[in-house]
Amino acid sequence: METILAVDLMKGKVVRAFAGFRQNYKPIKSFKGNLHNPCNFIKKVLNYFPLSKIYIADLDSIQNSGSNFSIISKLLTKFQNLTFLIDSGFDYPRSIESFSKKLKKKKINNFFPVVGTEKIRNYNFQSYKFLTDCYFSLDFNGSEKKWIRVIKKNKFKVNLILMFLKNTGGRGVRFKELKSVSQKLSSNNIFYAGGVKYWNQLNSLRIIGVKGVLISTLILREIRGPIKVP
């Protein structure tokens, strides 16, 4: 099972996610290391964890309040040995195409776009066959039942992130719901995000059949030096 570092970017800084209340997300603070700087943060994590994938949420793009594209492109160039999953608030296929073209013009190819149900605007799933080359984030925000039905009907396999935003910040894994959804969507590669609090929960997720897990809070606890959030 893959362990994937989750990085939330807001106004160029790494912020600490908690319960999906983005207005309360604050830059990560530490007594040393300047960890709110995304490059420093990733370097610090890689000193302790041999990760190969990193998920980045551009919260400014997702909330239509700006963009962290230049920072993201620099990170992808800096860490060419890593694969990045980029959630940049994509709403239609053309927005993914435009984003990908800009990166590939810079000869950057170590990424997969992440399409989230929070922002997607076209519900004709068959028009999204390009999702086989992306990751699809099923956001548990009240509309998940509709999307579960849509995904279950589709005839192509996708990398599916089950995103429990309200559980972010180590607020617990929703095992019961995860098992139910995983059984319904078992033809897809299932990834879990939101709420992992203890390392032993990773083994439980693996037993369920999860292909990978996105974590941040758990990794933060393991990095040397006290970390605090104002």
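Of the contacts in the protein between residues at least 6 apart in sequence, what percentage join residues at least 24 apart? In this predicted model, the share is 67%.

**Overall composition**

The protein contains eight helices and 12 strands. Of its 230 residues, 52% are buried. The protein exposes an area of about 11400 Å², and carbon and sulfur atoms account for 48% of that area.

**The largest pocket**

Rolling a probe the size of a water molecule over the atoms reveals where empty space remains. The largest pocket has a volume of about 230 Å³. Its lining consists of 12 residues, and those closest to the centre of the pocket are Ser100, Lys104, Pro113, Asp133 and Cys134. Helix H4 (93-105) and strand S7 (111-116) each contribute at least two residues to this lining. Helix H4 provides the largest share, namely five residues. By class, the lining comprises seven nonpolar, two polar and three charged residues.

**Cysteines**

Cys134, one of the residues closest to the centre of the largest pocket, is also buried. Cys39 counts as buried as well, because its relative accessibility of 19% is under the cut-off of 20%. The table sets out the values for these two cysteines.

| Residue | Relative accessible area | Class |
|---|---|---|
| Cys39 | 19% | buried |
| Cys134 | 3% | buried |

How many disulfides does a search of the whole structure find? The search finds zero disulfides.

Terms used
Residues are numbered from 1 along each chain as its sequence is written. This is a predicted model: local features need pLDDT of at least 70, side-chain atom pairs count only at pLDDT 80 or more; totals for chains, interfaces and linings use all residues. Side-chain values use heavy atoms; hydrogens and water are left out. On a 1 Å grid over the protein atoms alone, a cavity is a set of points where a 1.4 Å probe fits but cannot get out, and a pocket is an open set with protein on both sides within 12 Å along at least five of seven lines; lining residues have an atom within 4 Å of a point. Grid points are joined across faces, edges and corners, and a volume is the space filled by probe spheres set on the points. Helices (H or I, at least four residues) and strands (E, at least two) are DSSP runs, numbered from the N terminus. Ala, Val, Leu, Ile, Met, Phe, Trp, Tyr, Cys and Pro count as nonpolar, Asp, Glu, Lys and Arg as charged, and the others, Gly among them, as polar. A disulfide is a pair of cysteine sulfur atoms within 2.5 Å. Buried means under 20% relative accessible area, exposed over 50%, partly exposed in between (1.4 Å probe, protein chains only). Contact means heavy atoms within 4.5 Å. Accessible areas come from the Shrake-Rupley method with a 1.4 Å probe; for residues, only the protein chains shown count as cover.
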